[in-house]
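Student: I am new to this structure and would like a close look at a single part of it. Could you choose one place, describe it with care, and then lead me outward from there?

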Amino acid sequence: MASIALKTFTGLRQASPENHHSISLQKAVALPSQTHRRIQIIAGKTSPKITGRNLRVAVIGGGPAGGAAAETLAKGGIETYLIERKLDNCKPCGGAIPLCMVGEFDLPLDIIDRKVTKMKMISPSNVAVDIGQTLKPHEYIGMVRREVLDAYLRDRAADIGATVINGLFLKMDMPTSENQPYVLHYTCYNAKTGGAGEKRTLEVDAVIGADGANSRIAKSINAGDYEYAIAFQERIKIPDDKMKYYENLAEMYVGDDVSPDFYGWVFPKCDHVAVGTGTVTHKGDIKKFQLATRLRARDKILGGKIIRVEAHPIPEHPRPRRLFGRVTLVGDAAGYVTKCSGEGIYFAAKSGRMCAEAIVEGSENGKRMVEERDLRNYLEKWDKTYWPTYKVLDVLQKVFYRSNPAREAFVEMCADEYVQKMTFDSYLYKKVVPGNPLDDLKLAVNTIGSLVRANALRKEMDKMSV
Amino acid sequence: MVSIPITSSMQIAFSSQHATKRPQPQARQARSSGTMPATHVVTLNVKQQERAEMLVDKSNDTKDEVKRDEMEGSVLGFVDERWKKGTWDLNMFVKDGKMDWDGVIVAEARRRKFLELHPETAANQAPVLFRTSIIPWWAWVMHSHLPEAELLNGRAAMVGFFMAYSVDALTQLDVVGQTGNFICKFGLLVTVIGVLLFRRTQDFENLQKVADAATFYDKQWKASWQNEDATTGGTPK
């Protein structure tokens, strides 16, 4: 009888697996006080109250995802531990953040090194198109240094009450039974003792894996693998007069010579430019692609000195399993990088925040134990909010990055003002806005026209026996 | 008449890559460390790989500047007497008093082919201003005569003839009657669309592949949700 009452209680929630819920509800059937609570539909109501302490959550990885998650957890009154292996890490990264991130995460404006307001897209046959005329004066793409951004988010979390630990996560012991803690083994680095560091353990109730593309947390929960791209980048210090050209301009080069499935870029950083390229399918040829990118931009970076060479993996799609028990993945560890543009910083921070919010809500500010279905709420919310963005970018990549004619068509399309407005609106505010249907129709016709023309030229090119 | 300058200019463009060279590349070669071939042979894949490897070694040794001679790219660049200031001079494509759009299409294709084989630097001083949208749509249609159009028309005609015959045999409707009948007209519409989509047997597979590719990303995202039932209290697989 009590179980029937509880079943209707679960029936009012979302259509997540019912059998799952009934299993975890069984243990709460014995408590008669639960039945008159079924009017209140709050997550985690049936999980046990924690006495004497707050919920303990460990965030592994102190990048944007980890920093944002730790801040939200600490604000929610949860005992938070943030474990980061290198507090001054200069993560190799494009470094571009959309406008909405500055507002949503209250970033101070001095974190942003440069405000990019113009972009140049350059096709395989060097047709160059300027985009950015539709930007309003207050709109820009922010270029940041990762070490500055990451440190700011971490320090802010620490100020609110999170404990930042400088350590390297080694392995994790799964809980032996329901509601038992996870035991994390890590090497703690102490600035005073220096050297190799000492092994320590930490008991926590939930774990957020924010440790990046080669996530160890993902390995310990058998999250599965993803395809990834290699992004290769050279930081080049160019003479001042050439740097003026890149004052607030970023360039994107497309072409088979530059990358078979991605693009080459020249992004301005604080006092130098980053020239790089990436690929998924031809990782072995990355150096060749980098040379081609440098060639395409040759006159604009002539006389520059290479100050740093770096490479990093970029996930192409989410891992098959992003959640296991009370361990969840966010950011690059989960694989939240968009296709086509390869943007990851904003989504990492946002997913960290969303996951932390789900934990705070599910545990009622740390008073109750959190459960897997609370974390699944985060996955649901994330998928629902950002699925359109990811899908649209995936379609764009599949259609426009597949061959040189498609890239030519892509660059031609970017010259259109409507396209520019839609692109920037969706990039800067992370909302896919439908737009005017008549303009959409015109856009569709123009796109098809460009693609047909470019492919017709390709057929003509094939006929030539050069 | 117009074609001769094209071929001769292309001859010049491509012959520069062989032994008959202009003095400048020689000088550059002497200046640089001499490990680099300044020739660009048409079979580029092999040579580019070698050049790339040598250049990588060089940059690894010295962690060097971006020098002009380090990345020669195309020595000559794309040269054509009708390509002026980043666009095609349409006045030079006039044949018999009429605009020769075919020539424009061929010339642009040649330029793109050249750039594909010898990528050039995208210089701000010489931007590419030509846009293919300047060529009218009917020029494209007239230019790309599909040999398969003949095949498809023939097949459609045969199918049409035999369908008309068999429908007549089955329903006693002659051709005049068939064109008045709604079902027949609908069947005709479906057949026409089918012929457009499924021209050859490989089109079936192609469409299947397109459908798979379009939904692959969705499947990757939904993978987390498929594991739900498996993760209730289970140990990692």
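**A buried histidine and its surroundings**

Tutor: A:H272 is buried, because its relative accessible area is 6%, and a cut-off of under 20% is what counts as buried here. Please keep in mind throughout that the model is a predicted one. Along the chain, A:H272 lies in the loop that runs between strand 14 and strand 15 of chain A. Leaving aside residues up to four places away in sequence, A:H272 touches A:R235, A:I236, A:K237, A:M243, A:F267 and A:I307. To give a sense of distance, the C-alpha atom of A:H272 is separated by 24 Å from that of A:P137, a residue 135 positions away along the chain.

The two strands that flank this loop lead us to the sheet. In chain A, an open sheet of 7 strands is arranged in the order 6-5-13-14-15-12-16, and its pairing is mixed. Its edges are formed by strand 6 (128-131) and strand 16 (305-315) of chain A, each of which pairs on one side only. On average, and with direction ignored, neighbouring strands of this sheet are turned by 20° against each other. Strands of a sheet pair through backbone hydrogen bonds, in either a parallel or an antiparallel manner. For strand 12 (residues 228-237) and strand 15 (residues 273-279) of chain A, the pairing is antiparallel and extends over 7 bridges. One such link can be named, since A:A231 has A:G278, in strand 15 of chain A, as its bridge partner. Helix 8 (residues 286-296) of chain A packs on the sheet, where it touches strand 5 (118-122), strand 12, strand 13 (249-253), strand 14 (264-268), strand 15 and strand 16 of chain A. The direction of helix 8 makes about 135° with that of strand 15 of chain A.

From the sheet we can turn to helices of chain A that pack on one another. Two packed helices are described by the angle between their axes and by the distance between those axes. The axes of helix 3 (residues 64-75) and helix 9 (residues 345-362) of chain A come within 7 Å and cross at roughly 30°, which means that helix 3 is roughly parallel to helix 9 of chain A. The crossing of helix 3 and helix 9 of chain A is right-handed. Among the residues that make this contact are A:A65, A:A68 and A:L73 of helix 3 and A:A348, A:G352 and A:A356 of helix 9 of chain A. The residues of this contact between helix 3 and helix 9 of chain A divide into 11 nonpolar, 2 polar and 3 charged.

Helix 9 also packs with helix 10 (residues 372-400) of chain A, at an angle of about 150° and with the axes 8 Å apart. Helix 9 and helix 10 of chain A are therefore roughly antiparallel to each other. The crossing of helix 9 and helix 10 of chain A is right-handed, and the contact includes A:F347, A:M354 and A:A358 of helix 9 together with A:Y378, A:W382 and A:Y386 of helix 10 of chain A. The residues of this contact between helix 9 and helix 10 of chain A divide into 11 nonpolar, 4 polar and 4 charged.

Finally, a word on chain B, which contains 9 helices and 4 strands. Read along the sequence, the pattern of chain B is α-α-α-β-β-β-β-α-α-α-α-α-α. Of the 237 residues of chain B, 32% count as buried.

Terms used:
Residues numbered from 1 in each chain as written. Chains lettered and ligands numbered in written order. Predicted model: local features only at pLDDT ≥ 70, side-chain atom pairs only at ≥ 80, totals over all residues. Heavy atoms only, no water. Axes fitted to C-alpha atoms, helices over the stretch in contact; angles between N-to-C directions. Parallel < 35°, antiparallel > 145°, perpendicular 65-115°, else oblique. Left-handed = near helix turned anticlockwise from the far one by under 90°. Contact = heavy atoms within 4.5 Å. Nonpolar A, V, L, I, M, F, W, Y, C, P; charged D, E, K, R; others polar. Pairing = 2+ DSSP bridges. Buried < 20%, exposed > 50% of the residue type's maximum accessible area, 1.4 Å probe, protein only.
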